[in-house]
Amino acid sequence: MSQPSLRVIAGTSLLKERLGELYAARRRGDADTFAAAFAEDGVFRVQADSRLVPEAGPFRGRAAIAKGFRDLVKRYEYVDGLVVDITADVDVAVVRRQLTLRSNTTGAIGDFDLADFVRFHNGEIIEIVQYMDTASLAVLAGRI
């Protein structure tokens, strides 16, 4: 008779769950839930030249993150997205995603590959730095 398997749920399960909630809020355009996923003094930014992507941040603190998120949603409509994979450890994660956005300025649609570098402390997100092709994002928005 075989032994039943035992699954050990590590701390990374909680981190992945938090990230799932964050990306679900992103899909819905829910700025308050998105910002609530961060620690009180958390930081969110898109790594970009602010002359090309002025809405890139950084945004520090939940109120600033919510406002920055609302500005992003006003400029770029979420069309579709996919979390490709998540690699997580106790207090860090790297998330690869594919994202389709529509510029509310030009109406153009673009597909992007993203990498989110996430740091956690006690299960809260303390920082997300998002890397993507920001020159293409500027083209999508009609800035180049």
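**Exercise 1. Strand 1 and its partners**

Which residue in strand 2 is the bridge partner of Phe44? Then place strand 1 within the sheet of this predicted model.

Solution.
- Step 1. The bridge partner of Phe44 is Phe59, in strand 2.
- Step 2. Strand 2 covers residues 59-60 and runs antiparallel to strand 1, to which two bridges join it.
- Step 3. Strand 1, residues 38-46, also pairs with strand 6, residues 124-131; this pairing is parallel and has five bridges. Within it, Arg45 has Val129 of strand 6 as its bridge partner.
- Step 4. The strand order 2-1-6-5-4-3 describes an open sheet of six strands with mixed pairing.

**Exercise 2. The edges of the sheet**

Find which strands stand at the edges of the sheet, and say what this leaves on one side of each.

Solution.
- Step 1. Read the order of the open sheet, 2-1-6-5-4-3.
- Step 2. Strand 2 and strand 3 (76-88) are the edge strands; each has a single partner strand, so one side of each has no neighbour in the sheet.
- Step 3. For strand 3, take the pairing with strand 4 (residues 92-103), which is antiparallel and holds eleven bridges. Here Thr87 stands opposite Val94 of strand 4.

**Exercise 3. Phenylalanine rings**

Classify the ring pairs Phe34 with Phe38 and Phe44 with Phe59, and decide whether these residues are buried or exposed.

Solution.
- Step 1. The structure contains six aromatic pairs. In the pair of Phe34 and Phe38, the ring centres lie 5.7 Å apart and the planes meet at 55 degrees, so this pair is tilted.
- Step 2. For Phe44 and Phe59 the centres are 6.5 Å apart and the planes are at 15 degrees; because planes under 30 degrees apart count as stacked, this pair is stacked.
- Step 3. Phe44 belongs to strand 1 and Phe59 to strand 2, so their pair ties together parts 15 residues apart in sequence.
- Step 4. The cut-off for buried is under 20% relative accessible area. Phe38 has 0% and is buried; Phe34, at 4%, is buried. Phe44 is buried at 5%, and Phe59 counts as buried at 15%.
- Step 5. Phe34, Phe38, Phe44, Phe59 and Phe69 make up one aromatic cluster.

**Exercise 4. Phe38 and the core**

List what Phe38 touches beyond its sequence neighbours, and place Phe38 in the largest nonpolar core.

Solution.
- Step 1. Neighbours within four places in sequence are set aside. The contacts of Phe38 are then Leu22, Val43, Phe44, Arg62, Ile65, Glu124, Ile125 and Ile128.
- Step 2. The largest nonpolar core has 35 residues, and those touching the most other members include Leu19, Leu22, Phe34, Phe38, Phe44, Ile125 and Leu137.
- Step 3. Helix 1, residues 11-28, supplies the largest share of this core, with five residues.

**Exercise 5. Helix 3**

Check the length of helix 3 (residues 62-75) against its expected span, then describe how helix 3 lies on the strands.

Solution.
- Step 1. Helix 3 has 14 residues, and at 1.5 Å a residue these should span 20 Å. The count to multiply is one less than the number of residues.
- Step 2. The end C-alpha atoms of helix 3 are 20 Å apart, which agrees with the expected span.
- Step 3. Helix 3 lies across strand 1, strand 2, strand 3, strand 4 and strand 6, at about 35 degrees to strand 1.
- Step 4. Its buried residues are Ile65, Ala66, Gly68, Phe69, Asp71 and Leu72.

Notes. Residues are numbered from 1 along each chain as its sequence is written. This is a predicted model: local features need pLDDT of at least 70, side-chain atom pairs count only at pLDDT 80 or more; totals for chains, interfaces and linings use all residues. Side-chain values use heavy atoms; hydrogens and water are left out. Two strands pair if DSSP finds at least two bridges between them. Helices (H or I, at least four residues) and strands (E, at least two) are DSSP runs, numbered from the N terminus. A nonpolar core is a set of buried Ala, Val, Leu, Ile, Met, Phe, Trp, Tyr and Cys residues joined through side-chain atoms within 4.5 Å. Buried means under 20% relative accessible area, exposed over 50%, partly exposed in between (1.4 Å probe, protein chains only). Contact means heavy atoms within 4.5 Å. Axes are lines fitted to C-alpha atoms, for helices over the stretch in contact, and angles run from 0 to 180 degrees between N-to-C directions. Rings of Phe, Tyr and Trp (its six-membered ring) pair if their centres lie within 6.5 Å; planes under 30 degrees apart count as stacked, over 60 as edge-to-face and the rest as tilted.
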